2 protein chains.
Amino acid sequence: MANAYQTMETAELDAQIALLEQEAERLRAQGLSLDMARGKPSQEQTDLSRGMLDCVDATCDLTDEGLAADNYGVPDGLPSARRLAAELLQTDSANVLVIGSSSLNLMYDLVCHAYTHGIAGNEPWCHQGEVKFLCPSPGYDRHFRVTEHFGITNVPVAMGVDGPDMDEVERLVASDASIKGIWCVPKYANPTGVTYSDDVVRRLAALEPAAPDFRIFWDNAYMVHDLYDEGDELLNIFDALAEAGHDDMAYVFGSTAKVTFPSSGMAFVASSAANMREVRDAFAVMRVSPEKISQLAHVRFLKDAAGVRAHMRKHAAIVRPRFELVEQKLTDGLGGLDCATWTHPRGGYFVSFDGPEGSAKAIVALAAELGVKLTGAGATWPYGKDPKDTNIRIAPTYPSLDELSAALDVFVLAVKLVSARLARSER
Amino acid sequence: MANAYQTMETAELDAQIALLEQEAERLRAQGLSLDMARGKPSQEQTDLSRGMLDCVDATCDLTDEGLAADNYGVPDGLPSARRLAAELLQTDSANVLVIGSSSLNLMYDLVCHAYTHGIAGNEPWCHQGEVKFLCPSPGYDRHFRVTEHFGITNVPVAMGVDGPDMDEVERLVASDASIKGIWCVPKYANPTGVTYSDDVVRRLAALEPAAPDFRIFWDNAYMVHDLYDEGDELLNIFDALAEAGHDDMAYVFGSTAKVTFPSSGMAFVASSAANMREVRDAFAVMRVSPEKISQLAHVRFLKDAAGVRAHMRKHAAIVRPRFELVEQKLTDGLGGLDCATWTHPRGGYFVSFDGPEGSAKAIVALAAELGVKLTGAGATWPYGKDPKDTNIRIAPTYPSLDELSAALDVFVLAVKLVSARLARSER
């Protein structure tokens, strides 16, 4: 379908472009320096967790169920921390490890373990020739970088409104034994905000991969990051795997990075009992024992899943107006032009935006010229290559509402001007 | 030289054995359950750092030189944490990363990086066929496990009173390009307590390895762990490397694991500028950013190297009597029998003990029967294989003085009885 600029008479289009260029000059003259690139909580959000810093002090009990938090040992994490993580992931705490502050680090370690030692007795990936991973795209650049780092071929599959294109995923994993895994952010996906439908979760759990060492990397990063009281519901992957008789097929990750303090949260991983035996053995060589003082502070502050949800409602009150401002500014500025689509997430950290084909790099560059930093165009695709150059990730949480409003004005102008110029160049 | 039991008349030896067995029965009847196996600080020691838990609270400034500690970013670690680590390691803070709480984890990651990606443009170790590491023995079992985990051949070299046998080390690394590294604990080595002499440090720094991707893994774990005001002096490895023109040849590690809280300390790594560029690039894929709240607490508590040294004097006051008790009990119990030697460290966490050939496993087993747990015999050698079965690692810090005293009585009895039985079996 043609957009408003494409259907304009040339004279009118040229007049439009001139007007938009005037507007661009006006915005440039403001000398803005704004950042909509980073999936970071704002200061207001991190301040919500300051209370945690008082939960462990010099005089308090430093044990958890009789285990010392202030010494070596307890390699699986404190019992109460594992119980909290298990409650959030909806699984048995016996199969949960709470280790470090970065779930990305745990994902890296498990890809690396498969690469150097192999999974469940299979040949290490480093000795299997070409190895591939499925990358629902647009997706999370840091996932893709992990597999790329090991020379694994990242294969994009389309992200739909209810998750990855499952026809394609089923076809690929069934026919190609070199496909060893798929990256998934199943709830409020980065960057689309999509939550996988029950059907998609069941089909993923029921996959019949040609590779015996195929694993779903289930990064449930935004499981408690609802913007509204009524959050999206994600089917429990452990239940779906059990139904399909595929308990060993997924590693499940989560963290409190965007619940308490980014980089100083708790990271966790869960899987089947068999997988976790293997993970424990691998981790026993990598690490001595986890940061249990931080775990103790977390469990005393957050208490349980209900406590986490109550805390996340405070985050939502700060974040929701930012997402609503994105929706309003994009609708007001671009509605009716038919030159762009964007997602309307009910949680998570991002809005995914698509402009006309061949526009994304130019929009990001123009916005940068006008003082607004966006995530690099293409970052949401493997190797940074968005095949149609349409996708831009909008990260609205870090700026203040005023800054965000100014940044969105620049963004809308950039989208319009680039779209109009593209339409002109097609003549 | 024959020991006292070997030179006894057989009748006298049999009488001795009978007496020692009576004594063993008496000790067994006490039903002891004591642990001299673990290199862990005691509760009294970890309590010294409780004040750190008050250094960051809900109301305080959470920035360090203008950088937020409570959000993502600052991948190299907080400036003040890097400065503290650099002051301890005696190097430029520009070449120091402070990341996570486990220096073993950093060592693992660098061995793994070399294995999967290669060092400085060289072929990854996983594609180089047999790869070997030199393991000064007795040494630290967890070092040896890291290289063993990657199928690297651990080659023991003798530890002397001033460090590894450098004639052997020089000969091996010059002649064998498959030797890629050496594990070193250069000050108060685990388990001997030896501090490398200036000459050994200079010879290590001046090594001319056949392998271009040879690296010294310099784990300065006990750099501030003096028992006496006059501590051992270790030559600065960075200076020695610079003198030899070999700046890239070592990775240097340290942590505050046994300064503040084990598993909740700060870990750090330093090397040449060129090496650190490569390390940063590798770590950028592995991790998001480090636990900066913990770093902030550390620097506010410890302040600088002088602050660390003052804090370590408090540790020494607790630990020193334990080491002195080991020395006294071993001297009183075994002096003059010529059946054992042990080290007399002036810092660190261990005493290294050697009994008669073929005695260590039996001594550890007998002590366990009598209620005293020791580090498994052989653990201090690659693959757990002590070729002469003589070495036992004594870890005196964790038990109370009373417990340690009782445990040492059992140990001394076990050494005597096993030595006497060995002498009898030789007849």
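This is a short chat about a predicted model, covering how chain B meets chain A and how some strands of chain B pair.

Visitor: What turn and shift lay chain B on chain A?
Guide: A turn of 180 degrees with a shift of 0.0 Å along the axis, and the RMSD is then 0.0 Å. The two copies are thus related as by a two-fold rotation axis.

Visitor: And how many of the contact residues of chain B recur in chain A?
Guide: 100% of them, so the same surface serves both copies.

Visitor: How many residues of chain B are in contact with chain A?
Guide: 41 residues of chain B, and they touch 41 residues of chain A.

Visitor: Which elements of chain B give two or more residues to that side?
Guide: α5 (103-117), α6 (141-149), α10 (273-286) and α11 (292-302) of chain B.

Visitor: Which gives the most?
Guide: α5(B), with six residues.

Visitor: What is that side of chain B like by class?
Guide: It has 19 nonpolar, 13 polar and nine charged residues.

Visitor: Changing topic to strands. How many bridges join β12 to β13 in chain B?
Guide: Two; β12 (residues 341-342) and β13 (residues 351-354) of chain B run antiparallel.

Visitor: Which residue in β13(B) stands opposite B:Trp342?
Guide: B:Phe353.

Visitor: What about β13(B) and β15 of chain B, parallel or antiparallel?
Guide: Antiparallel, with four bridges joining β13(B) to β15 (residues 391-394) of chain B. In that pairing, B:Ser352 stands opposite B:Arg393 of β15(B).

Notes: Residues numbered from 1 in each chain as written. Chains lettered and ligands numbered in written order. Predicted model: local features only at pLDDT ≥ 70, side-chain atom pairs only at ≥ 80, totals over all residues. Least-squares fit on C-alpha atoms with pLDDT ≥ 70 in both. Contact = placed C-beta atoms within 7 Å. Nonpolar A, V, L, I, M, F, W, Y, C, P; charged D, E, K, R; others polar. Pairing = 2+ DSSP bridges.
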